[in-house]
Amino acid sequence: MAVKQISVLLGNVPGTLSRLTNILDKEDITAKALLAASAAESSTVRMVVNDPERAAAILESFGFNYEVTPVLAAEVPLHPGGMNAILKPLTKAEINIHYLYTTINRIGEETIVILGVDKLDEAREVLRRNWIHLIEDEIYSL
């Protein structure tokens, strides 16, 4: 099962990210992972949150432009080259990684990376065959 990510398109002006997080905070929606990237006139915020369905309903009610998409969450092995243990098998399988970001507050344990890929099911199988632990619904309660 894939993890649900919410991507929100925001205007690239001061305060828009703060407005978004304040709205979600007031509704007890917490980010488990967050990536914000801007272009000239807009910013895209990608988030994995504790309750994606409820977050989507809240965003809808406030008129945000958003989408919910499936992503993979994988633990990075705790050894030198741990990230390459994820990246190399995906490269060999010709799976394109569109973006990658990490979770928040994962101290003392493996880092969890969120992967947006072009071939989700194939990527899942490639990583499992290469002994990469995938995180599923438990990410929502980290």
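This report describes helix packing, nonpolar cores and selected single residues in a predicted model.

**Helix pairs**

Two packed helices are described by the angle between their axes and the distance between the axes. Helix α1 covers residues 16–26 and helix α2 covers residues 52–61. Their axes come within 11 Å of each other and cross at roughly 125°. An angle between 115 and 145 degrees falls outside the parallel, perpendicular and antiparallel ranges, and α1 and α2 are therefore oblique to each other. The crossing of this pair is right-handed. On the α1 side the contact is made by Leu 20, Ile 23 and Leu 24, and on the α2 side by Ala 55, Ile 58 and Leu 59. Sorted by class, the contact of α1 with α2 has six nonpolar residues, no polar residues and no charged residues.

The other pair consists of helix α3, residues 82–92, and helix α4, residues 120–129. Here the packing angle is about 125°, and the axes lie 9 Å apart. That angle makes α3 oblique to α4. The crossing of α3 past α4 is right-handed. Ile 86, Pro 89 and Leu 90 are the α3 residues that meet α4, where their partners are Ala 123, Val 126 and Leu 127. This contact divides into six nonpolar residues, with no polar and no charged ones.

**Nonpolar cores**

In soluble globular proteins, nonpolar side chains tend to be buried together. The largest nonpolar core in this model has 16 residues. Those that touch the most other members are Leu 72, Ala 74, Ile 86, Leu 90, Leu 115, Val 117 and Leu 127. Two or more residues come from each of β4 (65–75), α3, β6 (112–117) and α4. Of these elements, α4 gives the most, with four residues. A second, separate core holds 14 residues, among them Ile 29, Met 47, Val 49 and Phe 64.

Three residues of the α3–α4 contact, Ile 86, Leu 90 and Leu 127, also appear among the core members with the most contacts to other members. Val 117 is another such member. Leaving aside residues up to four places away in sequence, Val 117 touches Leu 72, Ile 95, Asn 96, Ile 97, His 98 and Ala 123. One of these partners, Ala 123, belongs to the α4 side of the helix contact.

**Burial and exposure of selected residues**

The table gives the place and relative accessible area of residues discussed below.

| Residue | Place | Relative accessible area |
|---|---|---|
| Arg 124 | helix α4 | 10%, buried |
| Glu 136 | segment after β7 | 23%, partly exposed |
| Asn 130 | loop between α4 and β7 | 36%, partly exposed |
| Ser 141 | segment after β7 | 63%, exposed |
| Glu 94 | loop between α3 and β5 | 64%, exposed |
| Trp 131 | loop between α4 and β7 | 79%, exposed |

Arg 124 counts as buried because its relative accessibility of 10% is under the 20% limit. Beyond residues up to four places away in sequence, Arg 124 touches Met 1, Ala 2, Leu 72 and Leu 134. Leu 72 is thus a partner of Arg 124 and of Val 117.

Glu 136 touches Met 1, Val 3 and Arg 128, again not counting residues up to four places away in sequence. Met 1 is therefore contacted both by Arg 124 and by Glu 136.

**Backbone values**

Two residues other than glycine have positive phi values. Phi of Glu 94 is near 60°, and this residue is found in the loop that joins α3 to β5 (97–102). Trp 131 has a phi of about 65°, and its loop lies between α4 and β7 (134–135).

**Separation in sequence and in space**

Ser 141 and Val 49 stand 92 residues apart in sequence, while their C-alpha atoms are 9.1 Å apart. Val 49 is also one of the residues of the second core. Asn 130 and Leu 90 are 40 residues apart along the chain and 9.9 Å apart in space, C-alpha to C-alpha. Leu 90 takes part in the contact of α3 with α4. For Glu 136 and Asn 65, the separation is 71 residues along the chain and 26 Å between the C-alpha atoms.

Conventions
Residues numbered from 1 in each chain as written. Predicted model: local features only at pLDDT ≥ 70, side-chain atom pairs only at ≥ 80, totals over all residues. Heavy atoms only, no water. Axes fitted to C-alpha atoms, helices over the stretch in contact; angles between N-to-C directions. Parallel < 35°, antiparallel > 145°, perpendicular 65-115°, else oblique. Left-handed = near helix turned anticlockwise from the far one by under 90°. Contact = heavy atoms within 4.5 Å. Nonpolar A, V, L, I, M, F, W, Y, C, P; charged D, E, K, R; others polar. Core = buried A, V, L, I, M, F, W, Y, C linked by side-chain atoms within 4.5 Å. Buried < 20%, exposed > 50% of the residue type's maximum accessible area, 1.4 Å probe, protein only.
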